[in-house]
Each structure stands twice: as C-alpha cells, then as structure tokens.
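Visitor: Please choose one part of this protein and show it to me up close. I am new to structures, and I would like each term explained as we reach it.

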Amino acid sequence: MNRILKILTVIVLMALAPAAAYPQSASESYDTGLALMKKQDYAGAIASFRASMAINKSAANVKKCKTQIAKCQRLQKNNKAKAPVPAAPQKSLIIPHPMLTVAANPENELGVEIDVTPESNDWMASVNGNPGWIELSKSMDGKYLIVKAAPTDKTVVRHADITVVYDNLSRTVHVAQLGNEPELSANNLFAKFKKKGGQMLINVNCNSDTVYANNFNWIIEKAPEWCNAEGTSTNLVLNVEPIEKKDPFYKTGRTGDIILRSQNQECIIRIDQK
C-alpha cells in the first residue's frame, strides 16, 4: 500500500512540474516585454508578450499580454505618425564669378563656373537681346558655361548679359569686351611760327568710336593762351598771336604744347614761335 502511494505521489509531481515551470518562463517573457516597451522597442516587446502567451495560455495571462500588445501597436502607430517627413533637398544656383572680361581679339573660349545643388547639369543659359557676338555652350560635365566672343572692330567696350536658369532660380553673368586701342595722330607734330604769328592747318587722323561734346571723336585738351586752336572732324586750325615788342618773350620767343585726346590716347603738337 505504501509503495502504491509513493508511486502515485511521484506521478502527481511529474504532472505538476511543467505547470509550475510555465508561469515562471511566461512571467520572464512578460517582464522582458515591459522593459522593451520602456526602451520604445515595440516590435521586440510584442514578440515577448506573444512568447509569454505561448508559454502560459491561461485566460488571465493572455488578457494582460494582449492588453500590452495593443498598447505597443498604438504607440508604434503614433511614432510613425510623428516621424518627420524628409525635406526635399534645397536647390541652389551659384555663380562664383559673375563678371567676365573678354579681350578685343580673344584667342580662347572662356569658362564660367556654374555651381548647382543638388549636382546637376539641367540648367540653361541665353544671351539677353541676342547681340550676335557671343556664342554659348556647356562643358561635358555641366559645371561650366563656355563663352566664345567674336573679335571686335570697335575701340570702346561693349557689354552683354547672360541669364542662367536652373529650376525656378535665375542668375546673371555680365560680359564686358574690351575695345581696340584707338589711333590718334597728326601730320605735323612741330609747328613753327614767326614773331608776327599766323595760321596753320594740321591734319588729324582718329579712329575712335567715342563721340565728344563737339561731335568729333577727338578733343583739344590743352593749348597755350596765345594760340587759338580749333578743330573739325579731321583738321586742327591754329591761329598764333604776334609777339609784341613789350612782351617779355619778344627776344627769346615762346614755346607751348597743344594736347589732343581721344579716350586714353593723346597727341602732342609742339608750337615754337621765334
């Protein structure tokens, strides 16, 4: 009889052993889920609660695990809703050197750096007013605007503006082409007069494109007060006053300069009256 009781006791204990283990393992999984929730690892927490329900299928354990799972899912959804939407990359168009100076007779094409963000060669360029002496192209990598200017026959600077457009951004490149050096000369650079004075006509040659207030392309910048100098488009007319006996220069004579100017060029004519 005692032997039978011992056997029955062993059987009962063996049957109860798994039931005692389940709550302990299920509790650990549940506690792990709570810890992961605090760390905002909701996916890991849900996995832990589901493991707890798989270990301990009691109604009470299933209910509390499902409650926590519902909280995790709700918090996951809120976090997704609060997640910032990545902003579209800010576009920019920068031309580091927007002023371009070109020689009168350029030997090479010139490049203008075009800095586009995000990096792209999807930009356009055009010459305002289409002056005809500028050709535009784009470098192979799209980082430079290539400007080709035709030689000029003018002696003055000519200007043009290039508009560069990228998306809704616009920038301007100012182009200035230098003029050729003007020529200013006279057929007589040393004019001699006697004491009694007189008149002289000197031919003037000038190819300048600048027009002054006298409607000519050159001016008389300086002349001695005893010489009346007047000009036409191609001539300089000199009228020298006589030297009177009472004049301190009657014995020594007098010398002066007439200075003609056009742009940065000058022509000096020496007048000698003896």
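Guide: We will begin with a nonpolar core, then visit some other places along the chain.

A word on the model: it is predicted, local features need pLDDT of at least 70, side-chain atom pairs count only at pLDDT 80 or more, and totals for chains, interfaces and linings use all residues. Residues are numbered from 1 along each chain as its sequence is written, and side-chain values use heavy atoms, leaving out hydrogens and water.

In soluble globular proteins, nonpolar side chains tend to be buried together. A nonpolar core here is a set of buried Ala, Val, Leu, Ile, Met, Phe, Trp, Tyr and Cys residues joined through side-chain atoms within 4.5 Å. Buried means under 20% relative accessible area, exposed means over 50%, and partly exposed is in between (1.4 Å probe, protein chains only). The largest core has 21 residues, and those with the most contacts inside it are Val 112, Ile 114, Leu 145, Val 164, Val 173 and Val 175.

Which elements supply it with two or more residues? They are strands E2 (99–102), E7, E8 (158–166) and E9 (169–177), and E8 gives the most, with four residues. Strands (E, at least two residues) and helices (H or I, at least four) are DSSP runs, numbered from the N terminus.

Val 175 shows what such a position is like. Not counting residues up to four places away in sequence, Val 175 touches Leu 100, Val 102, Trp 133, Ile 134, Arg 158, His 159, Ala 160 and Ile 162; contact means heavy atoms within 4.5 Å.

Ile 134, one of those partners, leads us to a hairpin. Ile 134 stands opposite Ala 149 in E7. Strands E6 (residues 134–138) and E7 (residues 144–149) run antiparallel and are joined by five bridges; two strands pair if DSSP finds at least two bridges between them. Five residues lie between E6 and E7 in the hairpin, and Gly 142 in the turn has a positive phi of about 75 degrees.

Thr 117, in strand E4 (residues 115–117), has a relative accessible area of 35%, which means it is partly exposed. Beyond its neighbours within four places in sequence, Thr 117 contacts Gln 90, Lys 91, Ser 92 and Tyr 166. Its C-alpha atom is 83 Å from that of Lys 246, 129 residues apart along the chain.

There is also a second, separate core of 20 residues, which includes Ala 191, Leu 236, Leu 238 and Val 240.

Elsewhere, four strands form an open sheet with mixed pairing, in the order E11-E17-E16-E13. Its edge strands, E11 (190–193) and E13 (219–222), each pair on one side only. Within the sheet, E16 (residues 254–262) and E17 (residues 265–273) run antiparallel with nine bridges, and Arg 254 stands opposite Gln 273 in E17.

Cys 267 is buried, because its relative accessible area is 6%. Why does Cys 267 form no bond with Cys 206? Its closest cysteine sulfur, in Cys 206, is 9.8 Å away, which is too far; a disulfide is a pair of cysteine sulfur atoms within 2.5 Å. By this rule the model has zero disulfides. Cys 72 is in no disulfide either, with its nearest cysteine sulfur, that of Cys 65, 10 Å away.
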